[in-house]
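User: Could you take one part of this model and look at it closely with me? I'm in my first year, so please explain the terms as you go.

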Amino acid sequence: MMIKKTGIMALLLSSMVPVFGINNDVLLPRVANEKKIELVYPQHSVIARHKESIQTSLGRAQLVRYGIYGVSAIVALAASYNLLKWCGFVGENTSSSACTLTPAVMKTLTPEGLKDYDAKFYPSFFSWRGLHHLRSHITNCVIGGFSGVVGTSLAQRVGEPVYAQVFNPGSIAWFVQEKTTLMPTFEEFKEYVDALNNVQTPVIDKAMYRNLMMVSANNLVAQLERVMGFIAYKNGTWDDQKAIDEVNFLSDYIFDVTKVFCIKVDTALQNDDLNVNQLAVTLSSFKSEIHRLMNSFSRIETAQEL
């Protein structure tokens, strides 16, 4: 959509030139006269920084998970104890001498007697106060349930992003989907290739798309550096030397494939006679290769974390 709007805008502005006498050099983008964007190749130092950052981020999430598990266990134990105590199964009030309301006792009790009986009460589940507490708990559950519907809705809005960050699967698929823009950038690059291949695209826009394609290529490299940093982080958490060696090979191969892709794109875009079809083939084969390599890593990752 952005590509179509840009092309339409350029045509509209071009049509305004003879009518209003506006200088075409001032009005239209002067991409050809601007400094060209340079392609940045993958760097091991950047990958190492990403590895450290990912290790810190996922390590914090793991600590938060452990903290939540610990608090949940304490709350569950406390709730279980209080329930058992309320039912009269634990504590001081488990004595067999606890007064309960039998039919015989009910006949002899007056309102004043009920007060005395209540004062002597041991909180057994089938006692007078036990029934009173049961009624109170049912009332509170109804009120709490109504409040919980509203509270849950608000909590989902606020808590879901936090929950997704803390309780994440930590897999390569999750990382690529949630922590990178790798796949959208592939699509963006393809859109620019298609625009250059379109005969209806104005010449001035084609010059601009060359620079935008270089920006997309740089973004692809940046996202793949993040992916390689994640792979390096995960590889450092395993003990299986065979798996470690396989992942090291995969990581080096991803680095080399990315570098070759950069060389091909850089060479193609520096050429005045751009072969757009060849560039499309280069992009497609590169995307397929990256997809295969990530699937290979995912297979090793799954085997190591079973």
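Analyst: Let's begin with a word we will need often: two residues are in contact when they have heavy atoms within 4.5 Å of each other. The model is a predicted one, where local features need pLDDT of at least 70 and side-chain atom pairs count only at pLDDT 80 or more, while totals for chains, interfaces and linings use all residues. Residues are numbered from 1 along each chain as its sequence is written, and side-chain values use heavy atoms, with hydrogens and water left out.

How confident is the predictor? The pLDDT, its confidence in each residue from 0 to 100, averages 74 over the chain, and 58% of the residues score at least 70. Residues 1–33 have a pLDDT below 50, and this stretch makes 29 contacts beyond near neighbours in sequence. Residues 117–126 are also below 50, with 30 such contacts in the model.

Now for our close look: helix α9, which spans residues 203–235. Helices here are DSSP runs of H or I with at least four residues, numbered from the N terminus. A207 belongs to α9 and is partly exposed because its relative accessibility is 25%; that class lies between buried (under 20% relative accessible area) and exposed (over 50%), using a 1.4 Å probe and protein chains only. The C-alpha atom of A207 is 9.0 Å from that of L196, eleven residues away along the chain. N235 is in α9 too, and its relative accessible area of 7% is why it counts as buried. Beyond its neighbours within four places in sequence, N235 touches A243, I244, V247 and N248.

What does α9 meet? Its axis and that of α7 (residues 172–179) come within 11 Å and cross at roughly 150 degrees; axes are lines fitted to C-alpha atoms, for helices over the stretch in contact, with angles from 0 to 180 degrees between N-to-C directions. The crossing is right-handed, a word used when the near helix is turned clockwise from the far one by less than a right angle. From α7 come I172, F175, V176 and K179, and from α9 come R226, V227, F230 and I231. Six of these contact residues are nonpolar, none is polar and two are charged; Ala, Val, Leu, Ile, Met, Phe, Trp, Tyr, Cys and Pro count as nonpolar, Asp, Glu, Lys and Arg as charged, and the others, Gly among them, as polar.

Aromatic rings appear at this meeting place as well. Rings of Phe, Tyr and Trp (its six-membered ring) pair if their centres lie within 6.5 Å, and planes under 30 degrees apart are stacked, over 60 edge-to-face and the rest tilted. The rule gives nine aromatic pairs. One of them is F175 with F230, which is stacked because the ring centres are 4.5 Å apart and the planes are at 15 degrees. F175 lies in α7 and F230 in α9, so this pair ties together parts 55 residues apart in sequence. Both F175 and F230 are buried, and with W174 and Y233 they form one aromatic cluster.

Another ring pair makes a nice companion example: F186 and F286 are tilted, at 5.8 Å centre to centre and 55 degrees between planes. Because F186 is in α8 (residues 182–197) and F286 in α11 (residues 276–304), the pair ties together parts 100 residues apart in sequence. F186 and F286 are both buried.

Methods
Helix = DSSP H or I, 4+ residues; strand = E, 2+ residues; numbered from the N terminus. pLDDT = per-residue confidence, 0-100.
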